[in-house]
Amino acid sequence: MGSVIFFGRKLERFCSHSRTKAACFNQSYHGLISSCFRFLVFKVNPFWVQLAYFIILSLVGYGALNMSKPKTDSFRPNNVDVFFTSVSAATVSSMSAVEMEIFSNTQLIIMTVLMLVGGEVFISMFGLQLARSRFWKQESPEDRMHSVSNSIPHYSLTSKSITHQIELGSVTCSTLENEKPDTDLEGNIKSSSNTESLKYKATRYLGYVVLGYLLVVNIGGSTLVSIYVSQVPSARNILKTKGIQIQTFSVFTVVSTFANCGFVPTNESMIVFKKNSGLLLLLIPQILVGNTLYPACLRVLIWVLDKITKRAEFSYILENYKEMGYSHLLSTVRCSLLAATAFWFIIVQFTLFCSMEWNSEAMDGLTSYQKFVGSLFEVVNSRHSGESIVDLSNISTAILVLFVVMMYLPPYTSFLPITYEKKDSGNGKASENKSAGKNILDCFLCSQLSYLVIFIILLCITERQNLKEDPLNFNMLNITFEVIR
């Protein structure tokens, strides 16, 4: 009996000692993680953080794709092709060295996750969290008191009066009391603390808004696409023939479209769905709200939340968009001009595309309505997305040049009919005023590069027949050389 009690006490001491060691190890582990995070936030340049993020993401994606089995055992892509596909999905560049239909359902899901966490909106949300940790450092009351006291004038607290020298003599003033500097100091400290607290909360709310925006657009879009494909026999039969699940196709395509990646889980991209106008109409808004119209949609969303909730954080975001440090958050005027420019580019491309390709070989077999929707889908995709319903080799050279120019332009290119000059007011808010000495006509003048592109497109239109019949003498290189020289 005594040996049992002795063994029980030994076991109790061993368990207690093990729990203590485990707690110490857990505390040390969390301390190490916290130290590494602080080092990344405060010491490392953001460029290296983002580069390391994409490298790690690509390697993880490569490992996951390599461990997953392809759809068929007859062909398995080599390691270089798998790694290239992983990098392409993580960086949303939509370049693939193998056919998309060889990937299994599991591999398509892995690529969907890579495109989601590698998209611009998700990366910007991750940057917001780092910015929140970077600018909000907890200061002790003494440090805060010291920083504020250095910013106000020094008053002598031992003298009961201050003598001011003026031209007519000296006047003695006894109205300054010892308590006034203390009152001003406390007010400055309180005001500074309130501003920092509001800015911190505004950054946190902005992160929640971006997260909600990302989830609602992707989940809502995937649901609508899934319903459409399930209800339309032609689209459903295409996926059934290719062995692609409807839910996987819907989520994959919407995430890819929103991230402006351009990957589609079919070998022919969207060419096989060129007669499904409803599907194309569902994907067009995804392209716009995830790229060129993202700042405008984000500002409208924050404005609506401000009107509904009446919270000071949303008002602070709208009024101090520069101080938030979020590059996608622009002013109302800039967002309006950005949206107008995006729609103007779409109208110009759509007009030229319809006039050149309406009766071309690329549009054979389509009704007038399908041609209209297909042309709209094609020109909207020309900026950064890359999905296509036609074979680009059948497109005229003039349209290809136009698409190249559209792809070259940054997503937030805006045409300013009136030049605005941003000035910072005393309270840190940005105001936009008309710059003096600028004529409206000067704002409509294009750069020299723009004129070169316009004339190249015009020559490609006029020499369209020769480009087809005599490609040796009439080709894109010769036309460009003759125009530029």
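Here is a short back-and-forth about some aromatic pairs and a helix contact in this predicted model.

User: How many aromatic pairs does the structure hold?

Analyst: It holds 11 aromatic pairs.

User: Take Y62 and F83. Why is that pair called edge-to-face?

Analyst: Look at the planes of the two rings. They sit at 85°, and anything over 60 degrees counts as edge-to-face. The ring centres are 5.7 Å apart, and the limit for a pair is 6.5 Å, so Y62 and F83 qualify as a pair and the pair is edge-to-face.

User: What makes this pair a tie between parts of the chain?

Analyst: Y62 belongs to helix 2 (residues 46-67) and F83 to helix 3 (residues 79-90), so the pair ties together parts that are 21 residues apart in sequence.

User: Are Y62 and F83 buried or exposed?

Analyst: Neither label fits. Buried needs under 20% and exposed needs over 50%. Y62 comes in at 22% relative accessible area, so Y62 is partly exposed. F83 has 35% relative accessibility, so F83 is partly exposed as well.

User: How do you know what kind of pair F350 and F372 form?

Analyst: Same check on the angle: there are 80° between the planes and 5.1 Å centre to centre. With the cut-off at over 60 degrees, that pair is edge-to-face. It also links distant parts of the chain, with F350 in helix 13 (residues 332-357) and F372 in helix 14 (residues 368-381), 22 residues apart.

User: Why is F350 called buried, and what about F372?

Analyst: F350 has 17% relative accessibility, and buried means under 20%, so F350 counts as buried. F372, at 42%, counts as partly exposed.

User: Which residues form an aromatic cluster?

Analyst: Y53, F54 and F126 form one.

User: On to the helices. Why is helix 4 called roughly parallel to helix 9?

Analyst: The axes of helix 4 (residues 105-118) and helix 9 (residues 246-258) cross at roughly 25° and come within 9 Å. Angles under 35 degrees count as roughly parallel, so helix 4 is roughly parallel to helix 9. The crossing of the two is left-handed.

User: Which residues meet there, and what classes are they?

Analyst: From helix 4, N105, L108, M111, T112, M115 and L116 meet T248, V251, F252, V255 and S256 of helix 9. By class, the contact of helix 4 with helix 9 has 7 nonpolar, 4 polar and no charged residues.

User: What makes L130 count as buried?

Analyst: L130, in helix 5 (residues 120-135), has 15% relative accessibility. That falls under 20%, so L130 counts as buried.

Terms used. Residues are numbered from 1 along each chain as its sequence is written. This is a predicted model: local features need pLDDT of at least 70, side-chain atom pairs count only at pLDDT 80 or more; totals for chains, interfaces and linings use all residues. Side-chain values use heavy atoms; hydrogens and water are left out. Rings of Phe, Tyr and Trp (its six-membered ring) pair if their centres lie within 6.5 Å; planes under 30 degrees apart count as stacked, over 60 as edge-to-face and the rest as tilted. Helices (H or I, at least four residues) and strands (E, at least two) are DSSP runs, numbered from the N terminus. Buried means under 20% relative accessible area, exposed over 50%, partly exposed in between (1.4 Å probe, protein chains only). Axes are lines fitted to C-alpha atoms, for helices over the stretch in contact, and angles run from 0 to 180 degrees between N-to-C directions. Angles under 35 degrees count as roughly parallel, over 145 as roughly antiparallel, 65 to 115 as roughly perpendicular and the rest as oblique. A crossing is left-handed if the near helix is turned anticlockwise from the far one by less than a right angle, and right-handed if clockwise. Contact means heavy atoms within 4.5 Å. Ala, Val, Leu, Ile, Met, Phe, Trp, Tyr, Cys and Pro count as nonpolar, Asp, Glu, Lys and Arg as charged, and the others, Gly among them, as polar.
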